[in-house]
Amino acid sequence: KILYLPLQYAPETTTLISAVDQYDQLSMIKKMSIYIPPDWKLVVKEHPSMIGKRGYNFYRELNKIFNVLVLNPFYNSLEIINKSSAVISVSGTVGLEAYALGKPTLVLGDIHYDILKGIKKISNYYEIYDILRNINPEVNHLENNKNELYKFMSSIRSEDFIENKNNEFWTNKTFEDIILDSDKQIA
């Protein structure tokens, strides 16, 4: 069973604001590896924009962790999502992509799509164990997730209010044409 974790670009504003506890990604992975069930592997893929920016020791330390596998950074993200049993993301769009493909999706940071029904928001690493133990890899949530995404994107398109948990998204500026056009392109 595979839990896929795409690494974040660093330094990155979203991580510093909405996921500061996960900013040290090596420590995050070490902690996470303790809480995944023994029959699971944590598969980590470097952010393509970070190639050559992290020191060799970072990857050497990752390779020492018994239940962590490091992928080639050019490996197709959609392919690994499809091969994964679940996806965990700090605050990136890979979590939204996994959700759209019907995969169980866990998020560690505050991200605008964590309000979607079925997204598992992790507040403590120990929660990961129970969530993963209860995942049935045979079940695909594609239809339910498609309906939730439709409601979510319809809300964005219609300029309805979406809950603002941390005052960084969905302000009055969110409804300016340039921002709405960007959101519509994402949808």
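Ile 81 touches Tyr 4, Val 87, Val 94, Glu 97, Ala 98, Leu 101 and Lys 103, leaving out anything up to four places away in sequence. Ile 81 sits in helix H4 (residues 77-83), and this is a predicted model, so read everything below in that light. Around that helix, the chain adds up to 8 helices and 6 strands, with the strands making an open sheet with parallel pairing.

**Ile 81 and its surroundings**

- Ile 81 counts as buried because its relative accessibility is 0%, where the cut-off for buried is under 20%.
- Three of the residues that Ile 81 touches come up again below: Tyr 4, Val 87 and Val 94.
- Gly 95 is 14 residues from Ile 81 along the chain, and their C-alpha atoms are separated by 9.4 Å.
- In helix H5, the buried residues are Val 94, Gly 95, Leu 96, Ala 98 and Tyr 99, and Val 94 and Ala 98 are among the residues touching Ile 81.

**The chain as a whole**

- Going along the sequence, the elements come in the pattern β-α-α-β-α-β-α-β-α-β-β-α-α-α.
- The chain has 187 residues, and 43% of them are buried.
- Of the contacts with a separation of 6 or more, 62% are between residues 24 or more positions apart.
- About 10,400 Å² of surface is accessible, and carbon and sulfur atoms hold 52% of that.

**The sheet, strand by strand**

- If you walk across the sheet, the strand order is E3-E2-E1-E4-E5-E6.
- The edges are strand E3 (68-71) and strand E6 (120-121), each of which pairs on one side only.
- E1 is mostly covered, with 4 of its 5 residues buried.
- On one side, E1 pairs with E2 in the parallel sense over 5 bridges, and Leu 3 stands opposite Leu 42 of E2.
- E1 is also joined to E4 by 2 bridges, again running parallel; here Tyr 4 stands opposite Val 87 in E4.
- Tyr 4 and Val 87 are also both in contact with Ile 81, which ties this strand pair to helix H4.
- Next along, strand E4 (residues 86-89) runs parallel to E5 and is joined to it by 3 bridges, with Ser 89 opposite Val 107 in E5.

**Nonpolar cores**

- Which residues have the most contacts inside the largest nonpolar core? They are Leu 3, Leu 5, Ile 29, Met 32, Leu 42 and Ile 128, in a core of 26 residues.
- Two or more residues each come from E1, H2, E2, H3, E4 and helix H6 (127-133).
- H2 gives the largest share of this core, namely 4 residues.
- A second core, separate from that one, has 10 residues, including Val 107, Ile 111, Tyr 113 and Ile 119.
- Helix H2 (residues 25-34) lies across strand E1 (2-6), strand E2 (41-45), E3 and E4, and its angle to E1 is about 165°.
- Leu 3 is a good residue to click on: beyond four places in sequence, its contacts are Met 32, Ile 36, Trp 40, Lys 41, Leu 42, Val 43, Ala 86, Val 87, Ile 88, Ile 128 and Leu 132.
- Val 87 therefore turns up in the contacts of Leu 3 and in those of Ile 81, with Ile 81 itself buried at 0%.

**Gly 102, just after H5**

- Gly 102 is in the loop between helix H5 (93-100) and strand E5 (105-107).
- Just after H5, Gly 102 takes a positive phi of about 85°.
- Is Gly 102 buried or exposed? Gly 102 counts as buried because its relative accessibility is 1%, against a cut-off of under 20%.
- Setting aside neighbours within four places in sequence, Gly 102 is in contact with Asn 140, His 141, Leu 142 and Asn 145.
- Ala 86 is 16 residues from Gly 102 in sequence, with 9.6 Å between the two C-alpha atoms.

**Arg 54, a buried arginine in a loop**

- Arg 54 has its place in the loop between E2 and helix H3 (56-64).
- With a relative accessible area of 15%, Arg 54 is buried.
- What does the side chain of Arg 54 make a polar contact with? The partner is the side chain of Glu 46, at 2.6 Å.

Methods. Residues numbered from 1 in each chain as written. Predicted model: local features only at pLDDT ≥ 70, side-chain atom pairs only at ≥ 80, totals over all residues. Heavy atoms only, no water. Buried < 20%, exposed > 50% of the residue type's maximum accessible area, 1.4 Å probe, protein only. Contact = heavy atoms within 4.5 Å. Areas by Shrake-Rupley, 256 points an atom, 1.4 Å probe, with all protein chains shown as cover. Pairing = 2+ DSSP bridges. Axes fitted to C-alpha atoms, helices over the stretch in contact; angles between N-to-C directions. Polar contact = N/O pair within 3.5 Å; in protein donor to acceptor, adjacent residues only side chain to side chain. Core = buried A, V, L, I, M, F, W, Y, C linked by side-chain atoms within 4.5 Å.
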